[in-house]
Amino acid sequence: MPLTVKRPARWSWRTLLPWIVGVVPLACGLVVMNWQIERELRATSQATTRQVVEYVDHILDNLANAAQALLPLAGSPCADAQLALRSQVTRNAFVRSTNLVQQHTLYCSSLFGDFDEPVDGNDYTDGRLWLMDGNSVTPGHALLVYRTSDGDRGAISTVDGDHLLTALRLIGPEEALQIRVGSAWLGKDGVVHDGTPPLAAAADVTLGSTRYPFSVHGGYEASKKGEVLRSHYPALLSLLLVLGVVAGCACRWQIRRASSPRAELRRALEADEFLPYFQPVVRKGDYRWAGAEVLMRWNHPREGLVRPDLFIPYAEHSGQIVAMTRALMLHTAQSLAPYAALLEDGFHIGINITADHCRDLSLLDDCRTFLQHFPPGRVRLTLELTERKLLEATPVALELFAKLHDMGVMIALDDFGTGQSSLNYLRQFKVDYLKIDQSFVAMIGGDALSQHILDSIIELSGKLGLGIVAEGVETEVQRDYLADFGVDFQQGYLFARPMPADAFLSALATRPGVTRLPQDAPPEIMRD
Ligand code: C2E
Ligand code: CA
Ligand code: CA
């Protein structure tokens, strides 16, 4: 049912769209923030690696100064040079030891004096720098060795790996930093590794020294971006979240509004989906068609033909029934007018109205427009008023009824006897017909009390000089009972079911003089 039944939840665009609308600003915001964070991290990573490079350059300057100063002494006896070797260790803050080399042999050391250790120039990157994982004095402890040579003479100075480690840890405490010399590299763990240092997950930067053969690798672990996002942008992040939720909710609200029963009825009205169905009303005696009641059907694009009791109550409740009735009257007039010749003079057309129609005088124009479609006197318009909504005898309502009467439009009290104010209506408004509700007709042949009620209504109508119509006539027993009581008009499945305009018109055309119509209109197939 289009208005009241909740369908099982489906992943349609209506459910997805609010999520998309909510997530998109959040996602876009996160992308922008991620880009911003990457930029920031890269900038700090570059600054940090540059600082480390400068710091290690500075250390190596110390080492190079010491080695250069000692190079002229290479080849001289160790005893003569030893003081100079130690003096360089003392003078240069970062120099841990100095050594002299001759003919590929380290023959003099600031620490041991005379020494004898082979020197392989291939151990040194660019012949100058060697990142060792320890020597005989401090095995397993990182050491950076600087070598300068002149022919087969050379001088070597070393710096303790702790200085490098301190630089890495202090300059970039939050970064993954490594110093690389040739194929060896030193990370923050203080261990010298062989091979290529691992790439940093974020803001990976490599910067080489312009003066010495080493490079520094910087960057951050993958979790760093999340940390920065949470610590630097909490307000922006919260704002984005709120924005996403607000956008999602607004979208959901808009969709709901657009698919509310009110909007659905408005859409259906604009799409001209409300159709008139016609149920003939037969007159007493010959049972010829004396008129027809117009019953609204909703030709819903998905649901098919929808019964009026499934949407009329909401249309009445929302006040949209007035516009819907106007459209229905126009539709009816346009369908019937070209075939007005098929209608006998004074053919009754019953239109259902409610209390809402009586709030102003616009119904007068609607009725006038309707009647203008037909030759004068061809059609008798009867407005069937129900008690579903209480109609008060306001001056406007009374004026409306008086003017309708002047125009020749008749009023029938629909479902008479079922409401609480039927008799009140009779007193207050000028009524032409009573329509006996089908529940009373169904009582025919039933218990004595029910039948008394029906008899009383018929009697009342006679005493008040009102016409009477019985609806819901389904059996011949009911038909004959009502006929015996002189009921003016009858309506019910026994005579014909409600049918679309074309079926109604072709039945009118082919059986103008029938006294009793066969049950040839197929039962309606409607959604409930
Ligand atoms: P209603 O005005 O009392 O209309 C008579 C209802 O009884 C119709 O139901 C009709 O199809 C049904 N009916 C006719 N003969 C028989 C019969 O022999 N046996 C049985 N069991 N039913 C019969 P429908 O078309 O479903 O309309 C239901 C109600 O919806 C109407 O009751 C009327 O109150 C309302 N309605 C229909 N069209 C309109 C409309 O255009 N405007 C307004 N305001 N209400 C409408
Ligand atoms: Ca009716
Ligand atoms: Ca009725």
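Which residue bridges the calcium ion (ligand 2) and the calcium ion (ligand 3)? In this predicted model, the bridging residue is Asp 414, and the two ions that Asp 414 joins lie 4.3 Å apart. The legends below take up the two ion sites, then a pocket, a cavity, two helices and two backbone angles.

**View 1. The site of the calcium ion (ligand 2), coordinated by four side chains.** Glu 293 and Glu 384, each through OE, Asn 352 through OD1 and Asp 414 through OD coordinate the calcium ion (ligand 2), at 2.1 to 2.3 Å. Along the chain, the donors of this ion follow the spacing E-x58-N-x31-E-x29-D. Distant parts of the chain are linked here, since Asn 352 belongs to strand E15 (residues 347-353) and Asp 414 to strand E17 (residues 410-416), the pair being 62 residues apart. Asn 352 counts as partly exposed because its relative accessibility is 25%, a value between the limits of 20% and 50%. Asp 414, in turn, counts as buried because its relative accessibility is 5%, which is under 20%.

**View 2. The site of the calcium ion (ligand 3), with Asp 414, Asp 415 and Glu 471 as protein donors.** Asp 414 and Asp 415 each contribute OD, whereas Glu 471 is listed twice through OE, and these donors lie 1.8 to 3.0 Å from the calcium ion (ligand 3). The spacing of the donors along the chain is D-D-x55-E. Asp 414 also serves the calcium ion (ligand 2), and the distance between the two bridged ions is 4.3 Å.

**View 3. The second largest pocket, with a volume of about 800 Å³.** The lining of this pocket comprises 34 residues, and the closest to the pocket centre are Glu 293, Leu 295, Arg 297, Pro 308 and Gln 438. Glu 293 therefore appears in two views, as one of the residues closest to the centre of this pocket and as a residue that coordinates the calcium ion (ligand 2), an atom within 3.2 Å being enough to count as a donor for Ca. Strand E13 (289-300), helix H7 (312-318), helix H8 (321-336), E15 and E17 each supply at least two residues of the lining, and E13 gives the most, with 5 residues. By residue class, the lining of the second largest pocket divides into 13 nonpolar, 9 polar and 12 charged.

**View 4. The largest cavity, which holds about 140 Å³ of space.** When the whole structure is searched, 1 cavity of 30 Å³ or more is found. The largest cavity is lined by 14 residues, of which Val 281, His 348, Thr 382, Glu 384 and Val 469 lie nearest its centre. Glu 384 is also among the residues that coordinate the calcium ion (ligand 2). At least two lining residues come from each of E13, E15, strand E16 (379-385), strand E18 (433-436) and strand E20 (489-491), and E15 gives the most, with 3 residues. The residues of this lining divide into 7 nonpolar, 4 polar and 3 charged.

**View 5. Helix H5 (residues 234-258) and its buried residues.** The 25 residues of helix H5 should span 36 Å at 1.5 Å a residue, and the end C-alpha atoms of the helix are 36 Å apart, so the expected span and the model agree. Leu 240, Gly 244, Ala 247, Gly 248, Cys 251 and Ile 255 of H5 are buried, and what covers the buried residues of H5 includes helix H1 (13-70). Leu 26, which lies in helix H1, is in contact with Leu 240 and Leu 241, when its neighbours within four places in sequence are left aside. Leu 26 is partly exposed because its relative accessible area is 22%. The C-alpha atoms of Leu 26 and Arg 14 are separated by 20 Å, the two residues being 12 residues apart along the chain.

**View 6. Positive phi angles at Asp 272 and Asp 415.** Most residues other than glycine have a negative phi. Asp 272, although not a glycine, has a positive phi of about 55°, and Asp 272 is located in the loop between helix H6 (261-270) and strand E12 (274-283). With a relative accessible area of 44%, Asp 272 is partly exposed. Asp 415 has a positive phi near 50° and lies in strand E17, where Asp 414 also lies; Asp 415 is one of the protein donors of the calcium ion (ligand 3).

Technical notes
Residues are numbered from 1 along each chain as its sequence is written. Chains are lettered from A and ligands numbered from 1 in the order in which they are written. This is a predicted model: local features need pLDDT of at least 70, side-chain atom pairs count only at pLDDT 80 or more; totals for chains, interfaces and linings use all residues. Side-chain values use heavy atoms; hydrogens and water are left out. Donors are N, O and S atoms within 2.8 Å of the metal (3.2 Å for Na, K and Ca); water is not among the atoms, so sites may look incomplete. Helices (H or I, at least four residues) and strands (E, at least two) are DSSP runs, numbered from the N terminus. Buried means under 20% relative accessible area, exposed over 50%, partly exposed in between (1.4 Å probe, protein chains only). On a 1 Å grid over the protein atoms alone, a cavity is a set of points where a 1.4 Å probe fits but cannot get out, and a pocket is an open set with protein on both sides within 12 Å along at least five of seven lines; lining residues have an atom within 4 Å of a point. Grid points are joined across faces, edges and corners, and a volume is the space filled by probe spheres set on the points. Ala, Val, Leu, Ile, Met, Phe, Trp, Tyr, Cys and Pro count as nonpolar, Asp, Glu, Lys and Arg as charged, and the others, Gly among them, as polar. The expected span of a helix is 1.5 Å times one less than its number of residues. Contact means heavy atoms within 4.5 Å.
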